[in-house]
Amino acid sequence: MDDTGGDKHFMEDSSSTVTPVLRISQLDAFELDRALEQLVWSQFTQCFQHFKPGHLTPFEPELKALLQLLLWRFTIYSQNATVGQSLLHIRYKNDLSQAARYQPMSRQQKLWFALCTVGERWLQERSHSLFLRLPADSAFPRVRRALALLGGFAKVASLLNFLVFLQRGRLPTLTERCLGIRAVFSRPQRARELGFEHVNRELLWHGFAQFLIFLCPLVNTRRLKASVGAVFPPLGGLKAGDVSRAARCRECALCGEWPTLPHTIGCSHVFCYYCIKSSSIADVSLACPQCGAGVQTVEPVRVQIEMNNFHAR
């Protein structure tokens, strides 16, 4: 097995300027790897969906470790890069080598990488059930406490390493720092000339769209419409002398149709019972769209005599 795995097309000269891998690219590679692992596990579990529920639960840590070893075999071991790194044109190099050109990971580094990633995850998932089966009077509880203490130190060290990574942009994980491997581009990066006018315009419109998406739900469109309607009354409205409630009973102020079970909210306009009731339930700050009056009480309209006089005219 050739460990170079196609590395002959990329030779890194120490005398040349090497473009550093962006922090976001290294973190995105980890996210892609986690998404791939979840996808593989979900596809694997679907093969046993017709079996008895919980059939895979006793062997779940071992099955996950096996799938992760398969991914490691065809990614890190053969190509010196994970799937996420390959998508972003990144791969690992042996940072301990003093050679002037690119050097892939050694066989020992690859094996230790599998032990520190796959083995560490398996131990975390299996340790709880493993120590529960042992007798309480044995020496294993002390081993368990020692492992828990060691895991706490490892988490603190990982946090400190990540803070150093945010400052320097190299070695985001503790495993990479301990093994002496570093992420580099798999092919030379060339400077690109970009016109930032289009990018700035896109960013501006994107920010404006996000602002509108945040602002629109906060605006009471019905109250705004009522306020505008109060200032600019419709051209096809009532005549100058036709201002009685009997004239306004001809249409609902919400739907514009002949009011069914006419009700009022305290102003001189009339609404269908179902229109005003459903709208007031949906919007607690509902206002009349014609005059902007707030909902006080929903009462039936009693204008029978006034309606008769109106029709008599």
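Student: What makes helix 1 and helix 2 count as being in contact?

Tutor: In this predicted model, contact means heavy atoms within 4.5 Å. Leu36, Glu37, Val40, Trp41 and Phe44 of helix 1 meet Glu60, Leu63, Lys64, Leu67, Gln68 and Leu71 of helix 2.

Student: Why are helix 1 and helix 2 called oblique to each other?

Tutor: Their axes come within 11 Å and cross at roughly 125 degrees. Roughly perpendicular ends at 115 degrees and roughly antiparallel begins over 145, so the pair is oblique. As for handedness, helix 1 passes helix 2 in a right-handed crossing.

Student: How do you know that the length of helix 2 agrees with what a helix should span?

Tutor: Helix 2 has 15 residues, 60-74, and at 1.5 Å a residue they should span 21 Å, because the count is taken one less than the number of residues. The end C-alpha atoms are 22 Å apart, which agrees.

Student: Which residues of helix 2 are called buried, and what makes them so?

Tutor: They are Pro61, Leu63, Ala65, Leu67, Gln68 and Trp72. Buried means under 20% relative accessible area.

Student: Where does Trp72 fit in the largest nonpolar core?

Tutor: That core has 14 residues, and Trp72, Ile76, Tyr92, Met105, Phe113 and Ile181 touch the most other members. Helix 3, strand 1, helix 5 and strand 2 each give two or more residues to this core, with the largest share, three residues, coming from strand 2.

Student: What does Phe113 touch?

Tutor: Leaving out residues up to four places away in sequence, Phe113 touches Trp72, Ile76, Tyr92, Met105, Thr175, Leu179 and Ile181.

Conventions:
Residues are numbered from 1 along each chain as its sequence is written. This is a predicted model: local features need pLDDT of at least 70, side-chain atom pairs count only at pLDDT 80 or more; totals for chains, interfaces and linings use all residues. Side-chain values use heavy atoms; hydrogens and water are left out. Helices (H or I, at least four residues) and strands (E, at least two) are DSSP runs, numbered from the N terminus. Buried means under 20% relative accessible area, exposed over 50%, partly exposed in between (1.4 Å probe, protein chains only). A nonpolar core is a set of buried Ala, Val, Leu, Ile, Met, Phe, Trp, Tyr and Cys residues joined through side-chain atoms within 4.5 Å. Axes are lines fitted to C-alpha atoms, for helices over the stretch in contact, and angles run from 0 to 180 degrees between N-to-C directions. Angles under 35 degrees count as roughly parallel, over 145 as roughly antiparallel, 65 to 115 as roughly perpendicular and the rest as oblique. A crossing is left-handed if the near helix is turned anticlockwise from the far one by less than a right angle, and right-handed if clockwise.
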